[in-house]
Amino acid sequence: MKAEPLLAVYAGYSLKKIHVNPGPDLEPFVQEALEEIEYVIGDVKTTWGARRARDGHPEPFELTYVEIGNEDWFDKSLSYDGRFAQLHDAIKAKYPQLKTISSVGNEQPDNLRVHSRKADMIDEHYYRSTDEFIHMSPDYARKYDRSGPEIFVGEWAAHEDAKIKPWSAAAKQQPPTPSMKAAIGDGVFMAAMERNADIIRMQCYAPLLVNVNPGARQWRPDLIGYDAISAYGSPSYYAFQMFSRNIGDEILATTSAGTAVQGCATRDRQTGEIIIKLVNPRTTVESLKMEINGVPSLASKGTVITLAGNPDESNSITQPRRFVPATKTVRGIKPGFTYKMPPQASSC
């Protein structure tokens, strides 16, 4: 895959409100974290780098980020600040090139966040209904301090019904993968993250995979369903595909008025291609007056990729490609033109 790992190390908090106090009690886990990092990036002359080589991978892995703990806001003892500081200091002393991530982000109360050290990045988690994402996304991250830590949205996903949480017993009675409605929630939030990509550096849908057999899962929705024979992508999977495969390297400023459609825009500086992403949560076609400013010229035609369908339905093992993006050519593009955005759809 040529993917770079993001390493998360145990920082002394376990479920059921069990924690290790910072100081001598935590020190064995600090040393274990340093050994784990050495296994990933250490030279073959080091103890754990040599072990990695014996295990079949003599070359060190690429590594930039180390997350200290996971969801440490559950620790009501308020010990995370001290535990983070102890691990952060040890990691920075031995590996100053690495960036540390705090597992408590801006979505959590201020008293649970780290203040004694400045993390290089913070991890935010959002499991919200589609309606909640539609409401929060227009202003998400707009007021974040651009001189503060980078943002990693390390766990997030849209679900359909605000009353049925992903971890609840009722969720187990729903299909394992999300519907088209959830894909709309995913789309508006991805557009928000892309608009703020100067500070939101990474994001990760969770969970990625689910065994669709009855009784085999603990959580929903999940991005990709599988059984012993085959696998399929949910509508949310295809929304991710659209967003990830069509992106520039320069964020373009966008404004909108008088419409429920949300979106973002980027430009590929090498090719000059402008990529506009739009998400229409409404049940009616939205006629959008598009204005593109600051470009000397525009090609008169472009490509539109659209994911649309019945919001209550989804893909499945038996119908794996019921909802997939459709591609078409549009003509008449100019600095000011009208585009009819399909209902309950994502387009780029």
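**Exercise 1. The start of the chain**

Where is the place of E4?

*Solution.* This model is predicted. Start with the position: E4 sits in the segment before β1 (7-9). Next, take its cover. E4 has a relative accessible area of 41%, so it is partly exposed. Finally, relate E4 to a residue further along. The C-alpha atoms of E4 and Y140 are separated by 27 Å, and the two residues are 136 apart along the chain. Y140 itself is buried.

**Exercise 2. Two lysines with positive phi**

Find the loop that holds K16 and K17, then describe their backbone and their cover.

*Solution.* Step one is the loop. K16 is found between β2 (13-14) and β3 (18-19). K17 is in the loop between β2 and β3 as well.

Step two is the backbone. Most residues other than glycine have a negative phi. K16 has a positive phi, near 65°. For K17, phi is also positive and near 65°.

Step three is the cover. The cut-off for exposed is over 50% relative accessible area. K16 has 77%, so it is exposed. K17 has 66%, so it counts as exposed too.

**Exercise 3. Two cis peptide bonds**

Locate the cis bonds that precede P207 and P221.

*Solution.* Most peptide bonds are trans. Take P207 to begin with. A cis bond joins A206 to P207, with omega about -10°. P207 lies in the loop between β8 (200-205) and β9. Now take P221. Here R220 and P221 are joined by a cis bond, with omega about 5°. P221 belongs to the loop between β9 and β10.

**Exercise 4. A sheet of three strands**

What is the order of the strands in the open sheet of three?

*Solution.* Read the order: β9-β10-β11, with mixed pairing. Then find the edges. They are β9 (209-211) and β11 (231-233), and each pairs on one side only. From one strand to the next, the twist averages 25°.

Now zoom in on one pairing. Strands of a sheet pair through backbone hydrogen bonds, either parallel or antiparallel. β10 and β11 are antiparallel, over three bridges. Within this pairing, Y226 stands opposite A231 in β11.

**Exercise 5. Follow Y226 to the surface**

Decide whether Y226 is covered, and name its partners in a surface patch.

*Solution.* Place the residue: Y226 lies in strand β10 (residues 224-226). Check the accessibility. Y226 has 32%, so it counts as partly exposed. Membership of a patch requires over 30% relative accessible area. The partners of Y226 are L208 and L209, and together the three make a nonpolar surface patch of about 280 Å².

**Exercise 6. Aromatic pairs**

How many aromatic pairs does the structure hold?

*Solution.* The total is 16. A pair of aromatic rings is described by the distance of the centres and the angle of the planes.

Work through Y127 and W219. Their centres are 5.0 Å apart and their planes are at 70°, which is edge-to-face. Y127 lies in strand β6 (residues 121-129) and W219 in the loop between β9 and β10, so the pair ties together parts that are 92 residues apart in sequence. Cover sets the two apart. Y127 counts as buried, at 13% relative accessibility. W219 is partly exposed, at 23%.

Repeat for Y140 and Y144. Their centres are 5.9 Å apart and the planes are at 70°, so this pair is edge-to-face. Both Y140 and Y144 are buried. They also belong to one aromatic cluster, together with Y126, F133, W156, F189, Y205 and F240.

**Exercise 7. Two covered elements**

Judge how far strand β7 and helix α6 are covered.

*Solution.* Begin with β7 (residues 150-159). Ten of its ten residues are buried, so β7 is largely enclosed by the rest of the structure. Its pairing with β6 is parallel, with nine bridges. One facing pair is H125 opposite E155 in β7.

Turn to α6 (residues 235-245). The helix is mostly covered, with eight of its eleven residues buried. The buried residues are P235, S236, Y238, A239, F240, Q241, M242 and F243. One of them, F240, links back to Exercise 6: it is part of the aromatic cluster.

Note on methods
Residues are numbered from 1 along each chain as its sequence is written. This is a predicted model: local features need pLDDT of at least 70, side-chain atom pairs count only at pLDDT 80 or more; totals for chains, interfaces and linings use all residues. Side-chain values use heavy atoms; hydrogens and water are left out. Patches are made of residues with over 30% relative accessible area and no salt bridge: like charges are joined within 9 Å, nonpolar side chains (Val, Leu, Ile, Met, Phe, Trp, Tyr) within 5 Å. Accessible areas come from the Shrake-Rupley method with a 1.4 Å probe; for residues, only the protein chains shown count as cover. A salt bridge is a side-chain nitrogen of Lys or Arg within 4 Å of a carboxyl oxygen of Asp or Glu. Helices (H or I, at least four residues) and strands (E, at least two) are DSSP runs, numbered from the N terminus. Buried means under 20% relative accessible area, exposed over 50%, partly exposed in between (1.4 Å probe, protein chains only). Two strands pair if DSSP finds at least two bridges between them. Axes are lines fitted to C-alpha atoms, for helices over the stretch in contact, and angles run from 0 to 180 degrees between N-to-C directions. Rings of Phe, Tyr and Trp (its six-membered ring) pair if their centres lie within 6.5 Å; planes under 30 degrees apart count as stacked, over 60 as edge-to-face and the rest as tilted.
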